[in-house]
Amino acid sequence: MAFDFLTVYDRHGMDALAVDAIGRVEGAPHAPQDGYSSIPMWVADMNFGTAPAVTDAIRARLEHPIFGYFFPPQEYFDAIKNWQASHNNAHDVEDRHIGYENGVLGGLISTVSAYCQPGDSVLVHSPTYVGFTSCLTAAGFNIVHSPLIPDNDGVYHMDYEDMDRVLEESGAKVAIFCSPHNPTGRVWHREEIEAAMEIYAKHDCIVVSDEIWSDIIHPGCTHVPTQSVSEDARNRTVALYAPSKTFNIAGIVGAYHIIYNDDLRARVEAASKKSHYNDAHVLSVHALIGGYSSEGNAWLQELNDVLAHNVQRARDFFAQCAPEISIARSAGTYMLWLDATAWCAKHKKSIDELLEAGWRVGVGWQDGRPFHGDCHIRMNVALPSALLEEALGRLAEHVFVE
């Protein structure tokens with residue numbers, strides 16, 4: 001490999017929620033018992049250093065010592081347009097369609113606020129990314145769920161009849177569509193998105209398409225942008241992207257929207273401006289420019305190979321050591337969605353006991369219940385191979401033992 005995905009970094013004391021929150025923050029894994037280090041497998045960031053193209057771009061900007069008021073340079077818009085054209089076959093993105101967002105969740109709330117009042121309903125699929133739950137609830141909106149249903153192969157599917165029913169009964173005028181889906185890792189096929197968009201159109205729903213994971217796609221699979229499936233989808237969808245998952249730079253806050261429809265864009269941008277929170281960060285802008293370069297793309301291609309290998313390695317491990325645990329059949333992201341219902345029933349254990357058994361030996365996997373998984377675990381495998389093997393070894397020796 002041309003890039004380093006093997007170095008195990010000590011992240012303690014480096015502002016890393018993934019390790020420094022363990023045992024200290026509600027919702028984080030509990031601290032391990034003495035003698036075990038913490039292996040972060042919960043928060044959705046990677047334990048790899050970012051692409052050299054990103055750090056080079058930031059370093060170059062730091063050479064100039066003034067960081068006053070600014071606006072994004074043309075290179076920022078060109079980088080996004082080139083990336084969307086080469087990665088998503090979106091050749092019609094113009095500068096005016098692009099808008100900076102201070103995070104995907106901020107863009108989501110701006111969109112919902114443009115069309116809803118507190119107390120109004122918003123449709124979200126379940127299992128549900130916990131960030132959707134927290135931000136929508138904090139803003140006073142009522143979340144209505146439509147469940148994703150796994151088939152016998154662990155592939156999750158939308159229930160279109162249920163979506164239609166929920167929208168009819170709730171009167172929701174905004175729907176959140178997670179593509180690829182977190183936490184299941186599902187990469188939607190074009191015909192699935194088309195069917196969903198027909199239902200949203202029937203109920204005149206504005207769609208917020210969270211496509212932050214769209215670059216983390218396993219080799220041989222393809223992400224289909226929601227806006228690309230029809231002219232109606234193009235005009236009713238706010239698509240949200242960010243380089244943060246792609247290049248492991250969530251700590252350098254920055255995202256962007258693509259909104260083709262002029263009226264839709266005007267309403268969303270008017271809502272976002274009310275709070276005055278949505279100004280771009282100069283280093284975030286240059287981080288994106290660096291990442292969305294040919295060098296950044298080369299790094300991403302190697303990353304996706306590494307992540308696909310790690311996902312398969314973990315799947316093979318569970319198949320051998322805990323075959324009762326079913327894993328969502330993913331085609332993207334680096335998060336595994338584990339259904340431990342059958343394992344817990346066989347071993348007469350609760351999901352709390354299973355989680356604690358891993359936490360005691362430093363395997364920092366995540367409780368799936370806040371994501372609406374009753375007996376589920378979310379597990380991050382974006383780790384150097386040595387760290388992943390250490391985690392799996394601890395599970396084999398201390399957790400999944402007869």
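Which residues of helix α15 are buried? In this predicted model, they are L387, L388, A391, L392, R394 and L395. Look down the axis of α15 and you'll find that these buried residues fall within an arc of 155°, so they line one face of the helix. Turn to the face pointing away from that buried side and you meet A386 and E397, which are exposed.

What do the buried residues of α15 pack against? Two helices are on the list, α12 (294-321) and α14 (351-360). The other partners are strands: β1 (39-40), β12 (363-364) and β14 (376-380). As for the length of α15, the helix runs over residues 385-398, and at 1.5 Å a residue those 14 residues should span 20 Å; the end C-alpha atoms are 20 Å apart, so the expectation and the model agree.

Now slide back along the chain to helix α7, residues 190-202. Its 13 residues should cover 18 Å at 1.5 Å a residue, and because the C-alpha atoms at its two ends are 18 Å apart, the numbers agree here too. The buried set in α7 is E192, I193, A196, M197, I199 and Y200. Viewed down the helix axis, the buried residues of α7 sit within an arc of 155°, so they line one face. E191, E198 and K202 are on the other side of α7, and they are exposed. After the helix comes D204, and its phi is positive, near 50°.

A little further on, there's a strand worth a look. β8 covers residues 237-241, and five of its five residues are buried. Is that cover on one face or both faces of β8? It is both: T237, A239 and Y241 are buried on one side, while V238 and L240 are buried on the other.

So who are the neighbours of β8 in the sheet? Strand β7 (residues 206-210) pairs with β8 in the parallel sense, over four bridges. Within that pairing, D210 has L240 of β8 as its bridge partner. Getting from one strand to the other involves helix α8 (residues 231-236): β7, α8 and β8 together make a right-handed β-α-β unit.

β8 also pairs with strand β9 (residues 255-258), this time in the antiparallel sense and over three bridges. Here L240 turns up again, standing opposite H257 in β9. Put those pieces together and L240 is a handy landmark: a buried residue that has D210 as a bridge partner and H257 opposite it in β9.

How values were computed: Residues are numbered from 1 along each chain as its sequence is written. This is a predicted model: local features need pLDDT of at least 70, side-chain atom pairs count only at pLDDT 80 or more; totals for chains, interfaces and linings use all residues. Side-chain values use heavy atoms; hydrogens and water are left out. Buried means under 20% relative accessible area, exposed over 50%, partly exposed in between (1.4 Å probe, protein chains only). Two strands pair if DSSP finds at least two bridges between them. A crossover is right-handed if, with the strands pointing away from the viewer, the path from the first strand over the helix to the second runs clockwise. The expected span of a helix is 1.5 Å times one less than its number of residues. The arc is that of the directions from the helix axis to the C-beta atoms. Contact means heavy atoms within 4.5 Å.
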